[in-house]
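Here's a quick briefing on how some strands and cysteines sit in a protein model. Have a look at the picture first, then work through the points below.

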Amino acid sequence: MAETIQLASRTGEVKIKPDQDMSLFTTFRIGGPAEFMARVTDRAQVEAALEWVEKMDLPVTSIGGGSNLLVDDSGISGLVLAVRASGKAAEAMIEVEDDMHQVRVWVPAQMPISRLGHVSAERGWVGLVWCAGLPGVVGGATVNNAGAHGGEMIDHLDSVDVLRLPDRSFERWPAARLAASYRYTVLKYAPRPRDVVVLGATFVLPKGDPAELERQAREFSEWRKQAQPTGACAGSVFTNPEGTYAGYLIDQAGLKGRQVGGVKISELHGNFLVNTGKATAADVREMIQMIQDEVYRQFEIRLVPEIEQVGGR
Ligand SMILES: Cc1cc2nc3c(=O)[nH]c(=O)nc-3n(C[C@H](O)[C@H](O)[C@H](O)COP(=O)(O)OP(=O)(O)OC[C@H]3O[C@@H](n4cnc5c(N)ncnc54)[C@H](O)[C@@H]3O)c2cc1C
């Protein structure tokens with residue numbers, strides 16, 4: 001087996017590890033090996049990894065928390081760049097410009113999104129409290145235009161900082177460039193391999209009452225514990241069709257509890273597929289097809305996957 005490569009960066013060593021099991025980097029706990037994997041916690045480390053990739057002429061797949069991904073059983077070619085850090089380390093990198101009635105906040109891509117929800121509440125910033133309890137990090141949530149409880153990333157997003165491949169040039173994109181809508185941005189649907197790594201996002205947030213915001217953050221976190229399954233999953237598998245809910249249609253189609261191989265439709269929430277232990281990406285794909293066919297047969301509605309399929313070699 002090839003050995004770990006160690007790269008120097010201004011903020012510490014970056015380890016490029018060969019043959020890393022992607023099931024350890026996704027909340028679905030599914031996926032074959034990444035040819036190479038680097039976990040990076042700041043811009044200097046992203047740059048060091050991208051410099052190596054350019055020399056090696058390999059494709060890059062950037063991931064955050066891996067909470068919206070179905071990684072192929074054959075794994076991912078090239079380098080998987082996991083842009084993630086602990087909440088504490090990421091919080092220390094937040095930059096704030098305080099105005100009278102609002103704040104301009106720069107948040108690193110590697111910051112856990114749930115932590116951002118709680119931090120924003122504690123500091124009395126309105127507009128991100130819905131993030132409390134959400135898996136994943138800011139980079140992935142920005143790419144996905146994640147949302148919940150009536151809020152979504154684009155609502156207060158001012159700009160997104162990115163590095164472009166192959167030359168690692170820095171660009172600050174105004175939020176409009178993402179062309180964001182419900183669980184959509186141009187970045188999420190760009191063909192792979194992609195030439196953009198998200199480094200951070202700037203939000204402009206009105207000020208509010210921290211006590212009230214913290215109450216909401218607790219309520220949202222608690223709601224997730226009650227309404228969503230706790231097992232290995234990737235959140236909602238399908239987007240909600242216009243005027244209805246995918247979970248409701250799956251429930252009405254009588255599919256809750258159905259199992260294909262190691263993957264099962266949650267009894268608690270019809271739009272969640274749970275890995276019962278040994279599920280493969282092939283099981284999930286077969287299940288998705290079965291649900292789409294059955295919901296279409298009964299309601300003439302074609303469900304569209306929200307989770308993203310990555311890899312295959
Ligand atoms: C239990 C559960 C509940 C969930 N509930 C919700 C919900 O209520 N609302 C919702 O919107 N989502 C929900 N999700 C899905 C998921 O949590 C969100 O979409 C989340 O924001 C994805 O973040 P991530 O960091 O895990 O992204 P990943 O899944 O790692 O990646 C998502 C996309 O972003 C890209 N990406 C990630 N980081 C970078 C980067 N630094 N640069 C460039 N590209 C990057 C990836 O290539 C991929 O295209 C849920 C998931 C789970 C497991």
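Let's start with one bridge: E97 has R104, in strand β8, as its bridge partner. Keep in mind that this is a predicted model. From that pair we can work outwards to the strands around β8, and then turn to the cysteines.

**Strands β7 and β8**

- E97 and R104 are bridge partners, and the two strands involved, β7 (residues 95-98) and β8, pair in the antiparallel sense over four bridges.
- Getting from β7 to β8 takes a hairpin, which joins them through three residues.
- If the word "pair" is new to you: strands of a sheet pair through backbone hydrogen bonds, and they can do so in a parallel or an antiparallel way.

**β8 and its other partner**

- β8 also pairs with strand β13 (residues 196-206), in the antiparallel sense and over seven bridges.
- To find a spot where β8 and β13 meet, look for W106, whose bridge partner in β13 is T202.
- Is β8 (residues 102-108) largely enclosed or not, and why? Five of its seven residues are buried, so β8 is largely enclosed by the rest of the structure.

**The whole sheet**

- Put together, the strands make an open sheet of five, in the order β7-β8-β13-β11-β12, with antiparallel pairing.
- At the edges you'll find β7 and β12 (169-174), each of which pairs on one side only.
- Neighbouring strands in this sheet are turned against each other by 15° on average, ignoring direction.
- Over at the β12 end, strand β11 (residues 157-164) and β12 pair in the antiparallel sense over six bridges.
- One pair to look up there is L163 with its bridge partner in β12, F170.

**The cysteines**

- A quick reminder: a disulfide is a covalent bond between the sulfur atoms of two cysteines.
- How many disulfides are there here? The count comes to zero.
- Why doesn't C131 form one? Its closest cysteine sulfur, in C233, is 18 Å away, which is too far for a bond; to count as a disulfide, the two sulfur atoms would have to be within 2.5 Å.
- It's the matching story for C233, because its closest cysteine sulfur is the one in C131, at 18 Å, too far for a bond.
- Is C131 buried or exposed? C131 has 0% relative accessibility, so it counts as buried.
- C233 has 10% relative accessibility and counts as buried too, because the cut-off for buried is under 20%.

Notes: Residues are numbered from 1 along each chain as its sequence is written. This is a predicted model: local features need pLDDT of at least 70, side-chain atom pairs count only at pLDDT 80 or more; totals for chains, interfaces and linings use all residues. Side-chain values use heavy atoms; hydrogens and water are left out. Buried means under 20% relative accessible area, exposed over 50%, partly exposed in between (1.4 Å probe, protein chains only). Two strands pair if DSSP finds at least two bridges between them. Axes are lines fitted to C-alpha atoms, for helices over the stretch in contact, and angles run from 0 to 180 degrees between N-to-C directions.
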